[in-house]
Amino acid sequence: MGQITELVRLIPADPGKPARKEAAASRRMSLDLALHPSTWSAEQAEETVRRYTELAPVWDDERGGYRPVPLADALERGGPWPQGLCLEVGCGTGLLSGLLHGVWSEVISLDLTWAMLSRSTEPWRIVGDASRLPVATASARAVVLADVPLFADEVVRTLAPDGVLVWSNALGEDAPHHVPIPTVLAALESVSGESWSAVTSHAGWGLWAVLRRNG
Ligand SMILES: C[S@@+](CC[C@H](N)C(=O)[O-])C[C@H]1O[C@@H](n2cnc3c(N)ncnc32)[C@H](O)[C@@H]1O
């Protein structure tokens, strides 16, 4: 397997990290999807939309404070960043989209749940499913997954050869969508048949990784 380099933590974790009661079940589903993406079903998609439609009105107020921390650290320390299209998958309400504009001039933000996406003020927004991304093969220089299920086949297909996957979990290993970084790396390698490497770190309550093909 490709190399994983862990950078020292710069941003401490304050006390008071929230615990999500649904996290363990959601993590099992996220891990299962990362390993077996073809098991994603219409029922799972409907349940996802139902759940995030409920959460949309309170998302920014309840979770806005801590969610940007790991992604901001990743963008600060995880480069270099190839320039071109950045595809933000599972962008939600757009809470993190502004950070991406600090690095990429072209950002397309996509989400399955209109109730979340409709709150975003991003100029380029698409309702879509991460399991079937509506963008051309090798068209993105960055795919950003901030607490979103991993569909490694679509990440590999849409990324240009020098493109990067930016992964973050705002509640770290306890996040509902957390998948261990070695598993993310292995999924990318298995789908692409190529060697990848990762740089990772913890920041605040969260963690991040930036993954790219070697050579
Ligand atoms: C935990 S929220 C994260 C939102 C945003 N990235 C943030 O950090 O604030 C997960 C988001 O991913 C979206 N999502 C879940 N599964 C998806 C899929 N298969 N395709 C696209 N979006 C998906 C949900 O609708 C939801 O808005």
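**View 1. Helix 2 gives the largest share of the shell around the ligand, 3 residues.** The structure is a predicted model: local features need pLDDT of at least 70, side-chain atom pairs count only at pLDDT 80 or more, and totals for chains, interfaces and linings use all residues. Residues are numbered from 1 along each chain as its sequence is written, and side-chain values use heavy atoms, with hydrogens and water left out. The ligand takes up the space of the largest pocket. Two elements, helix 2 (42–63) and strand 3 (106–111), each give two or more residues to the shell. Helices (H or I, at least four residues) and strands (E, at least two) are DSSP runs, numbered from the N terminus. A pocket is an open set of points on a 1 Å grid over the protein atoms alone, where a 1.4 Å probe fits, with protein on both sides within 12 Å along at least five of seven lines. A molecule sits in a pocket if more than half of its atoms lie within 2 Å of its grid points.

**View 2. Asp-111, Thr-113 and Ala-146 meet polar atoms of the ligand.** The ligand has 23 residues around it (a heavy atom within 4 Å). Arg-67, Gly-90, Asp-111, Thr-113 and Ala-130 come nearest. A side-chain N or O atom of Asp-111 is 2.6 Å from a ligand oxygen. The side chain of Thr-113 also places an N or O atom 2.6 Å from an oxygen of the ligand. At Ala-146, a polar backbone atom is 3.0 Å from a ligand nitrogen. The protein covers 98% of the 600 Å² of accessible area that the ligand has on its own (Shrake-Rupley method, 1.4 Å probe).

**View 3. Ser-30 lies in helix 1 (residues 23–35).** Is Ser-30 buried or exposed? Ser-30 is buried, because its relative accessibility is 2%. Buried means under 20% relative accessible area (1.4 Å probe, protein chains only). Beyond its neighbours within four places in sequence, Ser-30 contacts Pro-176, His-177, His-178 and Val-179 (heavy atoms within 4.5 Å).

**View 4. Helix 3 (residues 68–77) holds several buried residues.** These are Pro-70, Leu-71, Asp-73, Ala-74, Leu-75 and Arg-77. Their cover includes helix 4 (97–101), strand 5 (140–146), strand 6 (159–169), strand 7 (196–203) and strand 8 (206–213).

**View 5. Gly-206 is in strand 8.** Gly-206 counts as buried because its relative accessible area is 1%. Setting aside residues up to four places away in sequence, Gly-206 touches Pro-70, Asn-169, Ala-170, Leu-171 and Gly-172. Gly-94 is 112 residues from Gly-206 in sequence, and 18 Å away in space, C-alpha to C-alpha.

Technical notes
Buried < 20%, exposed > 50% of the residue type's maximum accessible area, 1.4 Å probe, protein only. Polar contact = N/O pair within 3.5 Å; in protein donor to acceptor, adjacent residues only side chain to side chain. 1 Å grid on protein atoms, 1.4 Å probe; cavity = no way out; pocket = protein on both sides within 12 Å on 5 of 7 lines; lining within 4 Å.
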